[in-house]
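User: I would like to learn how to read the features of a protein model, beginning with a hairpin and working outwards. Could you take me through one?

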Amino acid sequence: MDSLEDELARARDLDVGELADAVESIGFECTRCGACCKAETACGSGGEGGGEDRDGGEEEETEPHTATVFPDEIRRLQDAGDYDFRDVARPMPYGLTEGDDGPEGETFEWALQTDDCGDCTFYAEDDDGTGACTVHGDRPLICRTYPFSVALGGTSQPMGEAVDEAGVVRAHECEGLGRDIDRKDAERLAAALKERAIRELAEAIAVRENYEPVDVDGDVVVHDSEGAKRPDGTRYDATPR
């Protein structure tokens, strides 16, 4: 298995033109269905613990939307709308357990914040069901590149297994796949894919290098590239707000 540093070197050597060729061969056009921004099941009107969903049926268990966001992307989103840290991001739930007073444990990523339905908090829908991102110009790299990813060790595969592939490019479930894509759009998407692969590997290396054990003691700690943080984004070696 190659080291993260080796994989980072591979990511930096990726050819944007070849990535664009792969994207073009698979094809993609966003239909604004919102599936990549929403929870996997409908939001129930009865809240946690059961009830009826929006259509009046029995509520299913909701799997909240999870999209990885880097620390600097969180700050950019904060600045874009004068948001509080918790308005933008939450600890990635993987690795956390449910304690007597709520989630506790250690995790190694931030996820975009979700609303009570488990949808991305920045997702909006028109009356006709057409989806839109309210921070589209500042959206994170994972949102800019979905439904594609690059198959390198240490990079993430969003929302399940690949349904199509070309070279190192993987395509994940999306109704917009297989549609014609303009070459310039394919090149922009390819450039973002390369940037994301580099960022994910650089972040993983920095998390490893900056990791310091923290006495969780019923709390949540997020280890990111900048160190150990509380759920509100403050450092564990800083005074809490």
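Analyst: Let us begin with a turn between two strands, bearing in mind that this is a predicted model. Strands S9 and S10 form a hairpin with 2 residues between them, and Gly167 in the turn has a positive phi of about 60°. Strand S9, residues 162-166, pairs with S10 in the antiparallel sense over 4 bridges. Within that ladder Asp164 has Ala171 as its bridge partner in S10, while Ala166 stands opposite Val169.

User: Which strand pairs with S10 besides S9, and how many bridges join them?

Analyst: Strand S8, residues 148-150, runs antiparallel to S10 and is joined to S10 by 3 bridges, with Ser149 having Arg170 as its bridge partner. The result is an open, antiparallel sheet of 3 strands in the order S8-S10-S9. Its edge strands are S8 and S9, each of which pairs on one side only, and the twist averages 30° from one strand to the next.

User: How should I read the two faces of S10, and are the residues there buried or exposed?

Analyst: The general idea is that in a regular strand the side chains alternate between the two faces of the sheet. In strand S10, residues 169-172, Val169 and Ala171 lie on one side and Arg170 and His172 on the other, and all four of these residues are buried, which leaves both faces covered.

User: Which residues touch the most other members of the largest nonpolar core?

Analyst: A nonpolar core is read as a set of buried nonpolar residues joined through side-chain atoms within 4.5 Å. Here the largest one has 24 residues, of which Leu14, Val23, Ile26, Phe148 and Val169 touch the most other members. The elements that give two or more residues to this core are helices H1 (4-12), H2 (16-26) and H6 (183-210), together with strands S8 and S10. Helix H6 gives the most, with 7 residues. To see how one member is placed, take Val23: setting aside residues up to four places away in sequence, Val23 touches Phe148, Val169, Ile181, Ala186, Leu189 and Leu193. There is also a second, separate core of 16 residues, which includes Val69, Trp110, Cys120 and Tyr123.

User: What does a salt bridge such as the one between Asp21 and Arg183 tie together?

Analyst: For a salt bridge one looks at the closest nitrogen and oxygen atoms, then at where the partners lie in the chain. The closest N and O atoms of Asp21 and Arg183 are 2.7 Å apart. Asp21 lies in helix H2 and Arg183 in helix H6, so the pair ties together parts that are 162 residues apart in sequence. As for accessibility, Asp21 is partly exposed at 43%, and Arg183 is also partly exposed, at 27%.

User: Where do the partners of Asp72 and Glu226 fit into this picture?

Analyst: Asp72 forms a salt bridge with Arg199, with 2.6 Å between the closest N and O atoms. This pair links distant parts of the chain, since Asp72 is in helix H3 (residues 71-81) and Arg199 in helix H6, 127 residues apart. The side chains of Glu226 and Lys229 also meet in a salt bridge, at 2.5 Å from N to O; Glu226 is partly exposed at 27% relative accessibility, whereas Lys229 is buried at 4%. Salt bridges that share partners join Asp21, Glu24, Arg183 and Glu187 into one network, and the structure holds 14 salt bridges.

User: Is the charged residue Glu203 buried or exposed?

Analyst: Such a reading rests on relative accessible area, where under 20% counts as buried. Glu203, which is found in helix H6, has a value of 13% and is therefore buried. Leaving out residues up to four places away in sequence, Glu203 touches Phe70, Pro71, Asp224 and Ser225.

User: Which strands stand at the edges of the mixed sheet?

Analyst: The mixed sheet is open and has 4 strands in the order S3-S4-S11-S12. Strand S3 (96-99) and strand S12 (227-229) stand at the edges with a single partner strand each, so one side of each is left without a neighbour in the sheet. The twist averages 25° from one strand to the next. Strand S4, residues 102-107, runs parallel to strand S11, residues 220-224, and 3 bridges join them, with Gly105 having Val220 as its bridge partner.

Notes:
Residues are numbered from 1 along each chain as its sequence is written. This is a predicted model: local features need pLDDT of at least 70, side-chain atom pairs count only at pLDDT 80 or more; totals for chains, interfaces and linings use all residues. Side-chain values use heavy atoms; hydrogens and water are left out. Buried means under 20% relative accessible area, exposed over 50%, partly exposed in between (1.4 Å probe, protein chains only). Two strands pair if DSSP finds at least two bridges between them. Axes are lines fitted to C-alpha atoms, for helices over the stretch in contact, and angles run from 0 to 180 degrees between N-to-C directions. Contact means heavy atoms within 4.5 Å. A salt bridge is a side-chain nitrogen of Lys or Arg within 4 Å of a carboxyl oxygen of Asp or Glu.
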